[in-house]
Amino acid sequence: MSSLETVADPTPAADEVIIKVGAATTWGTDLKVWRRGGHAKMLKPPTLFGHEAAGEIVAVGSQVLGWQVGVRVVANNSAQCMKWVFCQGQEYSLCPHLTWNNGTFAEYLKITAQIVKHNLLPLPEDLPNVLASMTEPLAWVLQGVARSKVKRVNTEQLHYSELRILGVFHKKPL
């Protein structure tokens with residue numbers, strides 16, 4: 001049986017920041033965790049779900065440089081260690097020491113040091129949080145298109161869900 005509960009607001013360690021979540025997304029990973037009862041590397045219920053978020057920095061750890069309260073950001077869902085051979089080859093998703101950003105379905109979210117260092121990005125003023133929260137999924141779409149070396153796409157051969165996600169990212173915001 002699932003339930004909602006109140007959790008304490010996070011406080012940042014010296015190398016972390018806290019954001020007030022403006023928008024958060026859920027994708028297939030959250031559904032898999034819910035159905036399977038966990039993810040070997042990411043999380044195990046009961047836990048907060050969601051792992052992509054955009055919002056505003058509300059607290060900055062004492063050793064964090066380059067970020068300040070009030071800056072709107074997108075916090076991507078993981079960060080690599082930059083020490084492993086895969087990281088050095090820019091195959092970040094293969095890093096065996098990925099740091100995960102989970103729990104975006106909360107009012108406030110602690111952004112860990114590795115994500116602050118590698119995958120916390122400032123947002124332009126005119127980009128809505130709801131679109132910014134899809135930065136990481138969009139990056140996967142664009143990386144897949146780039147790696148495919150496809151020059152022209154026959155949309156009749158694409159799966160409906162692939163068309164839908166590509167369509168979301170090509171549609172102008174209302």
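**Exercise 1.** Classify V74 as buried or exposed, and place V74 in its strand.

*Solution.* V74 has a relative accessible area of 2% and is therefore buried (buried means under 20%, exposed over 50%, partly exposed in between, with a 1.4 Å probe and protein chains only). This is a predicted model, in which local features need pLDDT of at least 70 and side-chain atom pairs count only at pLDDT 80 or more, while totals for chains, interfaces and linings use all residues. Residues are numbered from 1 along each chain as its sequence is written, and side-chain values use heavy atoms, without hydrogens and water. Next, the strand: V74 belongs to β3, residues 72–75 (strands are DSSP runs of E, at least two residues, and helices are runs of H or I, at least four, numbered from the N terminus).

**Exercise 2.** List what V74 touches, leaving out residues up to four places away in sequence.

*Solution.* The contacts (heavy atoms within 4.5 Å) are A53, A54, N119, L120, L121, L123, A132, S133 and T135. Then take A53: its C-alpha is 5.9 Å from that of V74, at a separation of 21 residues in sequence.

**Exercise 3.** Find the bridge partners of V17 in β2 and in β6.

*Solution.* Start with β1 (residues 17–25), which pairs antiparallel with β2 (residues 52–60) over 8 bridges (pairing requires at least two DSSP bridges). Here V17 stands opposite V60. β1 also runs antiparallel to β6 (residues 108–111), joined by 4 bridges. In β6 the partner of V17 is I111.

**Exercise 4.** Assign F86 to its helix and state its exposure.

*Solution.* F86 lies in α2, residues 85–88. With a relative accessible area of 35%, F86 is partly exposed.
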